[in-house]
Amino acid sequence: MGQKPESRRPPRSIRPRGYLEDEPTRVGKVEGLEVKGAAAKRDRPYFIVLAGGNLGKMFKVDSDEVIIGRSSDAKIRLDDDGISRKHARVFMDKGELWIEDLKSANGTIINGDRIDVRKLHDGDKIQVGATTILKFTYHDELDDHFQQRMYDAALQDGLTRAFNKRHFIDRLSLEVAYARRHTSPLTLLMLDVDHFKQVNDRFGHLAGDQVLVQLAQIVESQRRQEDLFARYGGEEFALLCRGVSLGSALIMAERVRGMVEAANFEHQSKRMPVTVSIGVAAHSPAAADGATQLVADADSALYGAKRGGRNRVVAGGGKV
């Protein structure tokens with residue numbers, strides 16, 4: 001008879017720290033959160049956007065019924081043209097979660113199959129609309145924090161915490177489609193720090209970074225929840241305002257411009273004079289490519305503000 005094969009379990013003297021024979025252990029630390037002991041229970045249901053607008057965003061299922069759709073009162077609100085106002089509902093039955101299509105125009109598809117109603121399983125991929133794909137999964141406390149950090153890293157500018165340009169471009173087309181669908185105004189403010197190179201040359205790049213962070217904080221203090229604020233590149237920022245007319249956007253732009261001019265920008269006890277030029281444009285429903293045209297019009301207005309002497313607001317068409 002052959003010898004019994006040796007166990008592949010490592011000897012006690014060389015087992016890695018944290019190794020347990022009977023029960024898996026998770027030890028993690030995320031920004032002050034520490035989880036120790038037996039593997040945490042994954043009992044928090046979530047939908048994560050894998051494709052479409054709001055890529056990476058998490059929606060927690062925290063009630064016995066949740067509506068997915070474009071409606072303003074939908075718990076999981078998704079602005080995709082192919083999604084119905086009330087597209088599907090997620091509901092609890094006997095301790096398990098189910099999803100039901102609410103006779104949507106384009107249907108609800110799970111793992112490639114169109115469904116009427118089906119029980120949800122961890123890892124299910126749900127397509128709603130033309131481009132939006134959701135993943136259903138269960139999280140524990142550590143998963144929650146880790147996924148949120150990944151989401152923030154993918155969508156936010158690391159310095160200013162404003163959204164990044166990639167997310168802005170993704171959202172812009174959705175906002176233009178929304179404006180057309182609802183015949184509502186949509187305006188874009190493009191902001192640029194005046195003589196930013198001189199700030200870097202005179203005070204250093206750390207001071208320049210400080211200016212950008214403080215500027216972002218000023219704009220954040222004025223934007224509404226539904227507005228999208230992003231760092232468009234370098235010292236340039238974009239503020240996209242849903243449901244705001246050109247006249248109201250100009251008032252907002254002038255308020256931001258004045259706040260920046262009056263703000264105290266300092267680095268190592270040295271005051272840094274900082275102003276911004278702002279170009280404002282309104283979405284035109286007649287434009288063939290509304291998203292591209294809106295950015296072009298706002299950028300042209302911004303160039304007009306720069307050419308006109310800086311530290312000013314100019315609207316598309318040259319209005320100051």
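Two strands are taken to pair where DSSP finds at least two bridges between them. In this predicted model, the bridge partner of isoleucine 67 in strand 7 is arginine 89, and that of isoleucine 68 in strand 7 is alanine 88. Four bridges in total join strand 5, residues 65-69, to strand 7, residues 88-93, and the two strands run antiparallel.

The chain as a whole comprises six helices and 20 strands. Of its 320 residues, 44% count as buried. The exposed surface of the chain is about 17500 Å², of which carbon and sulfur atoms supply 48%. Among contacts with a separation of 6 or more, 55% are accounted for by residues 24 or more positions apart.

Strands 5 and 7 belong to an open sheet of five strands, ordered 6-5-7-8-11, in which the pairing is mixed. The edges are occupied by strand 6 (76-77) and strand 11 (117-119); each has a single partner strand, so one side of each is left without a neighbour in the sheet. Within this sheet, strand 7 also pairs with strand 8, residues 96-101, in the antiparallel sense and over six bridges. Phenylalanine 91 has tryptophan 98 of strand 8 as its bridge partner. Strand 7 and strand 8 form a hairpin with two residues between the strands, where lysine 94 adopts a positive phi near 55°.

A further open sheet contains six strands in the order 4-3-13-12-9-10, with antiparallel pairing. Its edge strands, strand 4 (58-60) and strand 10 (113-115), each pair on one side only. From one strand to the next, the twist averages 30°. Strand 3, residues 44-51, is joined to strand 4 by three bridges, and the two run antiparallel. In this pairing, isoleucine 48 stands opposite methionine 58 of strand 4.

The largest nonpolar core has 34 residues, and the members that touch the most others are Leu189 and Ile278. Two or more residues are given to this core by each of strand 14, helix 3 (196-203), helix 4 (205-222), strand 16, helix 5 (246-262), strand 19 and strand 20. The most comes from helix 4, which gives seven residues. Apart from this core lies another, of 20 residues, which includes Val49, Val61, Ile99 and Ile110.

Leucine 189 lies in strand 14. Its relative accessible area is 1%, and since residues under 20% count as buried, leucine 189 is buried. With neighbours up to four places away in sequence set aside, leucine 189 touches Phe237, Ala238, Leu239, Cys241, Ala249, Met252, Ala253, Ile278, Gly279 and Val280. One of these contacts, methionine 252, is 63 residues from leucine 189 along the chain, and the C-alpha atoms of the two are separated by 9.3 Å.

Helix 4 has 18 residues and reaches 26 Å from its first C-alpha to its last, close to the 26 Å expected at 1.5 Å a residue. The buried residues of helix 4 are Ala207, Gly208, Val211, Leu212, Gln214, Leu215, Ala216, Ile218 and Val219. An α-helix has 3.6 residues a turn, so residues three or four places apart point the same way.

Helix 6, residues 290-307, was examined in the same terms. Its 18 residues should span 26 Å at 1.5 Å a residue, and the end C-alpha atoms are 25 Å apart, which agrees. The buried residues of helix 6 are Gly290, Ala291, Leu294, Val295, Ala298, Ala301, Leu302, Gly304, Ala305 and Lys306. Their cover includes helix 2 (165-182) together with strand 14 (186-193), strand 15 (228-233), strand 16 (236-242), strand 19 (276-282) and strand 20 (313-315). Helix 6 is followed by glycine 309, which has a positive phi, near 125°.

Methods
Residues are numbered from 1 along each chain as its sequence is written. This is a predicted model: local features need pLDDT of at least 70, side-chain atom pairs count only at pLDDT 80 or more; totals for chains, interfaces and linings use all residues. Side-chain values use heavy atoms; hydrogens and water are left out. The expected span of a helix is 1.5 Å times one less than its number of residues. Buried means under 20% relative accessible area, exposed over 50%, partly exposed in between (1.4 Å probe, protein chains only). Contact means heavy atoms within 4.5 Å. Axes are lines fitted to C-alpha atoms, for helices over the stretch in contact, and angles run from 0 to 180 degrees between N-to-C directions. Accessible areas come from the Shrake-Rupley method with a 1.4 Å probe; for residues, only the protein chains shown count as cover. A nonpolar core is a set of buried Ala, Val, Leu, Ile, Met, Phe, Trp, Tyr and Cys residues joined through side-chain atoms within 4.5 Å.
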